[in-house]
Amino acid sequence: MPPTLASLVQHSALKLTVRAGEDRLDTPVRWAHVSELADPVPYMEGGELLLTTALTLDAEDPETMRRYVRRLLGAGVVGLGFAVGVNYEAIPQALLDAARDESLPLLEVPRRTPFLAISKAVSAAIAADQYRAVTAGFEAQRELTRAALAEGPDAVVARLAAHVDGWAALYDTSGSVIAVSPEWAARRAARLTADVERLRERPAPASAVVGGTDDRVELQSLGSGRRMRGALAVGTGAPLGTAERYAVHSAIALLTLTTERSRSLQAAEQRLGAAVLRMLLAGQPDHARAVAGDLYGGLLDAPFRLLIAEATAAETPSGESPMSVLAESLETAAARAGESVLAVPESEGRLVVLAGDGGAVVTACEGYASREAEEAGIVVGLSAPTGPIAAAAAYKQAEQALSVARRRGRALVEHEELAAGSVLPLLADDAVRAFADGLLRALYEHDATGRGDLVASLRAWLSRHGQWDAAAADLGVHRHTLRYRMRRVEEILGRSLDDPDVRMELWLALKATGDGSAGE
């Protein structure tokens, strides 16, 4: 503990006597300062024991002493040491009354005790306190390091909570609690998720203090780069002391190293995952299982989905890589649910992911896409459920769904959605429209001369599947007239309407240009 007025009074060599403010002697003393100025306040920082002989003070004037004492208290001075036997043989009654009225600790300093001795005593006590704090901090660092090496992050959090006489919690990048000590603090730690998320929005390293005086919590980001890799919360009933601060800083360093080591392991797993994916796409599921082992083996034993995500922006609004944000979100979901996930970055800002069908990862991807992916600059294509033997087909399905998502301006498209829906929305592509315009241009130009209505006749005939009477009735013309018009269509286009491929192309062209009935 730092020196207090009480410890100075108890110092046998100083012979100090308490004359006022007896109930405030436990106040810490930051320094001892000598001043004979009538107004020393401009030179005070707070926490000082002021020493004076009242050389320039009218210490016998009650009003002067009241103003003097109040200004000292307002400046944060914790006590006044008055030397007797120099200018005054005893402490003047006016000063005694003012100190007692304002509860300012007033210490009588005997003539044989020089102010220098008091300053040295305060300085020695502060140095001893700092030495104890540093020693305790180094001991905490050694203990936390042993815990990190032998038991991991959970043990670091537990030891830290004991050192600060409070509680501590470790969070992942999403704000989820992954370790907490003691157990009773789990509910309190869980309530800080929003604060951790706000901390994540700031460049690392970042810190914040939340809560009140009785429930003070310090949040510290973890990570060696711009991006936060986790967070540490330390809850105490008061601001941290020097020794506790050493322990917290040691824990931050150790947990950051653990995080960075985990990233190295993740990189190795990623390389292994890339090899597994290549084998699956090459039609070698048995080799893929052998290479995956226990790491991804369970994922390959059940139906999985294959998704391909593509970045449409260089970075998110917060300056992060869209692919890394998505990958981290999916890996966090997998960790929470105890699932395996295989995520492999590809060139050109793409990410390929294998995840269990119906699991937390697929759900997290769908939720991410619906809430944030458009803003984050990501589009996603999702395959149908499949197994290792059909991985290559699933990859093509995901690419097809991704292509549709990109054209439609959607964040996520599932291949099953394409198979169950209509082909007509796919005709919105610019290339399809260009083809349709080129195919039908001659018919439009013919109709523009007023020599017939070939486009409408073609549409009616195709919609009635080549039934002359029904199509003629729809147009309100004789069926011979319709037959003549269809011969003109064949002559102008140079194609036979007896060819089913030609009829299909013409119908799709009419749909693409908006001349096909929406209800047909």
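**Figure 1. Packing of helix α3.** The buried residues of α3 pack against β1 (17–20), α2 (62–74), β4 (79–83) and β5 (106–109). The model shown here, as in every view, is predicted. Helix α3 spans residues 93–102. Its buried residues are A94, L95, L96, A98 and A99. In an α-helix, residues three or four places apart point the same way, because one turn takes 3.6 residues.

**Figure 2. The residue that follows α3.** S103 comes just after α3. The loop that holds S103 runs between α3 and β5. What is the sign of phi at S103? Phi is positive there, about 60°, although S103 is not a glycine. S103 counts as partly exposed because its relative accessible area is 27%, and the partly exposed class lies between 20% and 50%.

**Figure 3. A second positive phi, at K15.** K15 sits in the loop between α1 (5–9) and β1. Phi of K15 is near 60°. That is a positive value in a residue other than glycine. Its relative accessible area is 46%, so K15 is partly exposed. Strand β1, which borders this loop, also appears in Figure 1, where the buried residues of α3 pack against β1.

**Figure 4. Surroundings of T52 in strand β3.** T52 belongs to β3, residues 48–52. Is T52 buried or exposed? T52 counts as buried because its relative accessibility is 2%, and the cut-off for buried is under 20%. Two links of the T52 side chain are worth marking. A polar contact of 3.0 Å joins the side chains of T52 and E36. The T52 side chain also reaches the backbone nitrogen of A54, at 3.0 Å. Leaving aside residues up to four places away in sequence, T52 touches S35, E36, Y68, L80, G81, F82, A83 and F115. E36 is thus listed among the residues touched and is a polar partner of T52.

**Figure 5. The cis peptide bond before P182.** Which residues does the cis peptide bond join? The bond links S181 to P182. Omega is about -10°. P182 lies in the loop between β7 (177–181) and α6 (186–190).

**Figure 6. Crossing of helices α15 and α17.** Two packed helices are described by the angle between their axes and the distance between the axes. Helix α15 covers residues 454–463, and helix α17 covers residues 479–493. Their axes come within 10 Å and cross at roughly 105°. That angle makes α15 roughly perpendicular to α17. From α15, the contact uses L454, S457, L458 and W461. From α17, the contact uses L482, R485, M486, R488, V489 and I492. The contact residues divide into seven nonpolar, one polar and two charged.

**Figure 7. The whole chain, for context.** The protein chain has 520 residues, and 45% of them count as buried. How many helices and strands are there? The chain holds 18 helices and 15 strands. Of the contacts between residues at least 6 apart in sequence, 60% join residues at least 24 apart. The chain exposes about 25,800 Å². Carbon and sulfur atoms supply 51% of that area.

Key. Residues are numbered from 1 along each chain as its sequence is written. This is a predicted model: local features need pLDDT of at least 70, side-chain atom pairs count only at pLDDT 80 or more; totals for chains, interfaces and linings use all residues. Side-chain values use heavy atoms; hydrogens and water are left out. Helices (H or I, at least four residues) and strands (E, at least two) are DSSP runs, numbered from the N terminus. Buried means under 20% relative accessible area, exposed over 50%, partly exposed in between (1.4 Å probe, protein chains only). Contact means heavy atoms within 4.5 Å. Accessible areas come from the Shrake-Rupley method with a 1.4 Å probe; for residues, only the protein chains shown count as cover. Axes are lines fitted to C-alpha atoms, for helices over the stretch in contact, and angles run from 0 to 180 degrees between N-to-C directions. Angles under 35 degrees count as roughly parallel, over 145 as roughly antiparallel, 65 to 115 as roughly perpendicular and the rest as oblique. Ala, Val, Leu, Ile, Met, Phe, Trp, Tyr, Cys and Pro count as nonpolar, Asp, Glu, Lys and Arg as charged, and the others, Gly among them, as polar. A polar contact is a pair of N or O atoms within 3.5 Å; within protein, one must be able to donate a hydrogen and the other to accept it, and residues adjacent in sequence count only if both atoms are side-chain atoms.
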